[in-house]
Amino acid sequence: MNADLVFGIHAVGALLQRAPQDVLEMFVMKDRDDKRMQPLIQQARQNGVSVQFCNRKTLDDMVGGQHQGIIAKARLQSSGSEADLAAIVAQQDKPFILILDGVTDPHNLGAILRSADAAGVHAVVAPKDRSVKLTSVVRKVACGAAESVPFITVTNLARTLRELQDAGVWIVGTAGETETLVYNADLKGSLALVLGAEGEGLRRLTRETCDSLVKIPMFGTVSSLNVSVAAGICLFEAVRQRQ
């Protein structure tokens, strides 16, 4: 059976809360019986999950540290498909979608999923190629958001953008060469925000398919922001307008 290792208090807690049936086994550091750990152990046992107590080195060897004393072996989480995205869009009066064009760093994806969850995004979309998958590191950094926000991977991103346009979704990409600030764009309706890869930005075809382009104003010496930071700024400007 394909399985993944989910680690960290928040990530394992979210997994037990939202998909306990996917937890196959849990490993807890010996003598870690504080008030944060006990509810997770109890919840796992209530769902018939075997809990093994191990020393720190065993856990370190499993995931390379940063596990906070708890690791869950879970069924491998699969991403959604184009059909899932179409269903999500059809269910919403004003779909709010985040699209990532080639984000390859798992820490960035984890942070983006966390922001997307906080902003109420209905789905995060990425191409199947040239982008990071839902790894254990992504789930750890996301602090449970990987279990709550649908993550959709698509074969052809430009085609997906056109299908969203056909469904009435306005596609807004981020690009430094535009003169329109994100604060001056209309982000209130059915919306898909598109952010590009770290350092490279949007690919040409993706940029040309967008309905409009916006940028975040920059006043310092650096030329661009980390993509997870840029995602947070754009998402919550949309949230501000949509309230």
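**Group meeting: two sheets and a few cysteines**

Okay, let me start in the middle of the chain: strand 5 and strand 6, residues 123–127, run parallel and are joined by three bridges. One of the pairs to look at is L98, whose bridge partner in strand 6 is V124. Before I go on, please keep in mind that this is a predicted model.

So how do you get from one of these strands to the other? Together with helix 5, residues 106–119, strand 5 and strand 6 make up a β-α-β unit, and that unit is right-handed.

Now turn to the other neighbour. Strand 5 also pairs with strand 9, residues 191–196, again in the parallel sense, and here there are six bridges. If you want a residue pair to click on, take L100, which has L195 as its bridge partner in strand 9.

How many of the residues in strand 5 are buried? Six of six, for residues 96–101, so I'd call the strand mostly covered, taking under 20% relative accessible area as buried. Look at the side chains and you'll see two sets: F96, L98 and L100 point one way, while I97, I99 and D101 point the other way. Both sets are buried, and yes, that includes D101.

Let's zoom out to the whole sheet. It has six strands, it's open, and the order reads 7-6-5-9-8-10, with parallel pairing. At the edges sit strand 7, 151–154, and strand 10, 212–214, and each of them pairs on one side only. Going from one strand to the next, the twist averages 25°. Further along that order, strand 9 pairs with strand 8, residues 170–174, through four bridges, in the parallel sense. There, G173 has V194 of strand 9 as its bridge partner.

Next, the helices on this sheet. Helix 4, residues 82–91, lies across strand 5, strand 6 and strand 7, and its direction makes about 130° with strand 7. Helix 9, residues 227–242, lies across strand 5, strand 8 and strand 9, running at about 165° to strand 9.

Okay, over to the other sheet, the one with four strands. This one is open too, with the order 1-4-2-3, and its pairing is mixed. Its edge strands are strand 1, 3–7, and strand 3, 50–54, each pairing on one side only. The twist here averages 20° from one strand to the next.

Which way do strand 2 and strand 4 run relative to each other, parallel or antiparallel? Antiparallel: strand 2, residues 23–29, and strand 4, residues 70–75, are joined by five bridges. One pair in there is E25 with K73, the latter being the bridge partner in strand 4. And this sheet has a helix on it as well: helix 2, residues 38–46, lies across strand 2, strand 3 and strand 4, at about 140° to strand 3.

Last topic, the cysteines. The number of disulfides in the structure is zero. Take C234: it's in no disulfide, and the nearest cysteine sulfur, the one on C210, is 12 Å away. A disulfide here would need the two sulfurs within 2.5 Å, so that pair doesn't count.

Is C234 buried or exposed? It's buried, because its relative accessibility is 1%. C143 gets another label: at 28% relative accessibility it counts as partly exposed, because that value falls between the 20% and 50% cut-offs.

That's what I had. Questions?

Notes: Residues numbered from 1 in each chain as written. Predicted model: local features only at pLDDT ≥ 70, side-chain atom pairs only at ≥ 80, totals over all residues. Heavy atoms only, no water. Pairing = 2+ DSSP bridges. Axes fitted to C-alpha atoms, helices over the stretch in contact; angles between N-to-C directions. Contact = heavy atoms within 4.5 Å. Buried < 20%, exposed > 50% of the residue type's maximum accessible area, 1.4 Å probe, protein only. Right-handed = clockwise from strand over helix to strand, strands pointing away.
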